[in-house]
Amino acid sequence: MPWRHSFRTKLVLVAGVSVFAGLLLSGGAAYFGIAQLGREAGQETRRGLSYNSAEYLGKHIRNVAERLSGEIERAESELATLTAVAQTLIDHRRELTPLLDAAAASPLLRDRMQIEPEGRWAQNSGEEPAIVTAWGYLLDRPGDAPPRLRADVAAAIDETALLDLVMPPIFSEGSRKLQIYYVGPRERSFARFLPAKDLGAKIFEMAAPHNDPPNNFWDFFFPGLVDGWSAWIGDSARFTALHDQITLTPPYDDAAGGGPVVTLFQPLWTADRGAFAGALGFDLSLTAIIDYVEGLRLFGSGFAFLATDAGNVFAINPGGARRMGLSLTTSAGQGVSRFEQLLKDSSEPAIQGLALPTGDGTTSTELTLAGHPYVLTLVRLPPFTAWAGTAELYRSRWVVGFIVPSEEIYAALDAADAAVTASARRVLISQIAITLLTLALVMFGVILVSRRLTGTLVQLARAAGQISHKNYEVHVEAESADEIGQLGRVFNQMVGEIRQYTANLEGLVQQRTGELERANREIIALNERLAEENLRMGAELDVARRLQLMVLPGEGELAAFSELDLAGFMSPADEVGGDYYDVLQGGHAVKIAIGDVTGHGLESGVLMLMVQTAVRTLLASDEADPRRFLAIINKVLYQNIARIRVDRTMSLALLDYRDGLLTVAGQHEEIIVIRAGGEVERVDTMDLGLPIGLEPEIADFIELAQVKLEPGDLVALYTDGITEAEDPAGAYYGVDRMIDALRAARAGSSAQVRDALIADVMKYIGAAKIHDDITTLIIKRRA
């Protein structure tokens, strides 16, 4: 035997591999233990850093949100104070008339209105505290006379002159306001504006069409806003605290060069709160807010941003915008230029799909930008009423976001991980050296011991070779008391049993041969009995099939009806089918029936014969009511099905023909009517009854349908074996193809139409298997 196949060689290899595997596992365990310890420590440290950084970012972002909301709330408070004064003047106009008249006439507050040389607007002299401008659509133009300010507009200007005492201090103190102004209602939408500037010329330069009738300030510059406010009329909750009516526009660029702004409006109302009476507004500069947000620095290179809840980022430093993949676009409106940096238009997928928070707390998540991980923290500012270009005012909340690179948060942890990895690598190198040295020592000892252990095994191998050559006289010397000696003794015992079995083998073969011959004779006898049983059952099924076909109306019976030309066809898929049709002459009308028992085989054929017998019996008893006729058949079949314990039902339609009128009762397939001119009508029978044998009583579900037949009209009755016939690809024949075949052959006799239809169906099926009975009855009114 070659040395590489010897047991001794295998013993040495197994021992060596086992020792090596043990050393490798112990060394690997030590290495991975150190690595695991490092990972667990790193994970614990990471969790701590994540928690602390989340706490820090959460507190920091809430402080930033409070500061930003404070800026907005301060402006809202100032606007609410000014609006409260103006609303008081409206609510107590009658009592304050002397004061208002005196203010309008005083040299300090009197507005000296002048018509622009070309008559395009009216404006005060500019020496007053605030500029008052009335646009061209607020001027009267009487014939060839010079234009003049409308009297009602002039009166409204006088009534608001007292605001010139309140607006300047509100403008100069508090929040950073670019403009502060009052605008009247739609019909008198003049503007009282601070600081003083040539407002008429400026607006005409920016939006000249606004100056022409029938425009007004509100619908031109802020479409839908007044309608949105007016929708609150009658809502008492809206008027409990007028401060809540303050409405903000989206951020936009000030056309006068004031930078990014947002406009705050608060509406004024008539004393009875039944109509809009104008509004006061601030153009609040966003420059300070944007500078504050852009100047925030988080860890090393983290940044902040401020966005609307629609995802428009309007405050972010340029580096942050590049990292978020944002691009700035502007859209010019009527005098307003809006700027947009939309999250959904970002080039970064994580930003495109970013869902802004919906609750009041802070949210924190991780995302990937340009292949690098970041931590994102978000919080929403308090809500406010917002206008976005339509009459639908809504509650909106700005969102503050912090984005910080994960590597800056976990920089110390990454350094510790690198140190642990280096230490684990040194341990691995040391363990490999120890493993190789130990393996060499063990292999030397195994070789020495194997020489003594394998002597008896060599004898066993040689004896086994002798047995393979049919020499059963071998014997192994097994003197040792260990497991190898026991193996030798068991081997000797097995060789003795083989010698004995070989000597008795011929007798065992003869015994087994006799047993097989007896079993073969029994199988032959069983096959003969099965052949006789199959022959008997085939004969019985053939009798049932012949009986089923015999009860169908023959050609002579169908030719006996003077008004109708009839032709039928039925081909069962099995020896016995479940389809049924019949044509019988009754005392009142011609009774026509067609049905389909569920399933195939002998049971379905028996039920079909039951129905045929019931129909003939009822017809012979002169039952003329179609509903009662069908209900009695159902009850009989239901009771028979229960008696023979089969799970079958049947679709059945009964038609009565008399004097050109066809009356239909019962649920079955659609009835196809082909008129003499080729028009097609499809009569749905689904609502005319229920399946027969499903319920004991169906009288309440039976309805009737009537079809008028003219000479040459054709009616096709059929079962689903035609419409659901499959071609080799498994596609159904279908009702539409059947109608095409009927229309093409309608000029012929009923027999010709039937033959054409069946030929088309068989051509369609081709070599495919027929799965269901194929039945049709063609009815044609003779000319």
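## Exercises on a predicted model

In the hairpin formed by E9 and E10, 4 residues lie between the strands, and Gly257 has a positive phi near 90 degrees. Let us start from this turn; keep in mind that the model is predicted.

### Exercise 1: Strand E10 and its partners

Work out which strands pair with E10, in what sense, and over how many bridges.

Step 1. Begin with the hairpin partner. E9 and E10 are antiparallel and share 3 bridges. One residue pair to look for is Asp254 with Gly259, its bridge partner in E10.

Step 2. Move on to strand E11 (residues 276-285). E10 is joined to E11 by 8 bridges, again in the antiparallel sense. Here Trp269 stands opposite Phe276 of E11. These two strands also make a hairpin, with 6 residues between them, and Arg273 in that turn has a positive phi of about 60 degrees.

Step 3. Look for strand E8 (residues 247-248). E8 runs antiparallel to E10 and is joined to E10 by 2 bridges. Leu248 has Leu264 as its bridge partner in E10.

Step 4. Now check the surroundings of E10 (residues 259-269). Of its 11 residues, 9 are buried, so the strand is largely enclosed by the rest of the structure.

### Exercise 2: The setting of Tyr252

Is Tyr252 buried or exposed, and with which side chain does its own side chain make a polar contact?

Step 1. Place the residue: Tyr252 belongs to strand E9 (residues 252-254).

Step 2. Compare its accessibility with the cut-off. Buried means under 20% relative accessible area. Tyr252 has 8%, so it counts as buried.

Step 3. Find the polar contact. The side chains of Tyr252 and Thr263 make one at 2.5 Å.

Step 4. Check the backbone too. Val262 is 10 residues from Tyr252 along the chain, and their C-alpha atoms are separated by 6.4 Å.

### Exercise 3: A sheet and its helices

Find the order of the strands in the open sheet that contains E24, and name its edge strands.

Step 1. Trace the sheet. Its 5 strands come in the order E22-E23-E24-E25-E28, with antiparallel pairing.

Step 2. Identify the edges. Strand E22 (579-585) and strand E28 (704-708) each pair on one side only, and they are the edge strands. From one strand to the next, the twist averages 15 degrees.

Step 3. Zoom in on one pair. Strand E24 (residues 650-658) and strand E25 (residues 661-665) are antiparallel and joined by 5 bridges. Leu654 has Ala665 in E25 as its bridge partner.

Step 4. Add the helices. Helix H17 (residues 602-620) packs on the sheet and touches E22, strand E23 (590-597) and E24; its direction makes about 15 degrees with that of E22. Helix H18 (residues 626-644) lies across E23, E24, E25 and E28, and runs at about 150 degrees to E24.

Step 5. Inspect the link between the helices. Asp622 sits in the loop between H17 and H18. Its phi is near 60 degrees, a positive value in a residue other than glycine. With a relative accessible area of 45%, Asp622 is partly exposed.

### Exercise 4: The two sides of H2

Which residues of helix H2 are buried, and which exposed residues does the face turned away from its buried side carry?

Step 1. List the buried residues of helix H2 (residues 97-105): they are Leu100, Ala103 and Ala104. These residues cover an arc of only 100 degrees around the axis, and therefore lie on the same side of H2.

Step 2. Turn to the other face. Pro98 and Ala105 are the exposed residues there.

### Exercise 5: Unusual backbone geometry in loops

Where are the cis peptide bonds that lead into Pro195 and Pro214, and what is phi of Phe299?

Step 1. The bond from Leu194 to Pro195 is cis, with omega near 5 degrees. Pro195 lies in the loop between strand E7 (191-194) and helix H5 (199-206).

Step 2. Pro213 and Pro214 are also joined by a cis peptide bond, with omega of about 0 degrees. Pro214 is in the loop between H5 and helix H6 (217-221).

Step 3. Phe299 has a phi near 55 degrees, which is positive in a residue other than glycine. Look for Phe299 in the loop between helix H8 (287-295) and strand E12 (303-307). Phe299 is partly exposed, at 37% relative accessible area.

Notes
Residues are numbered from 1 along each chain as its sequence is written. This is a predicted model: local features need pLDDT of at least 70, side-chain atom pairs count only at pLDDT 80 or more; totals for chains, interfaces and linings use all residues. Side-chain values use heavy atoms; hydrogens and water are left out. Two strands pair if DSSP finds at least two bridges between them. Axes are lines fitted to C-alpha atoms, for helices over the stretch in contact, and angles run from 0 to 180 degrees between N-to-C directions. Contact means heavy atoms within 4.5 Å. Buried means under 20% relative accessible area, exposed over 50%, partly exposed in between (1.4 Å probe, protein chains only). The arc is that of the directions from the helix axis to the C-beta atoms. A polar contact is a pair of N or O atoms within 3.5 Å; within protein, one must be able to donate a hydrogen and the other to accept it, and residues adjacent in sequence count only if both atoms are side-chain atoms.
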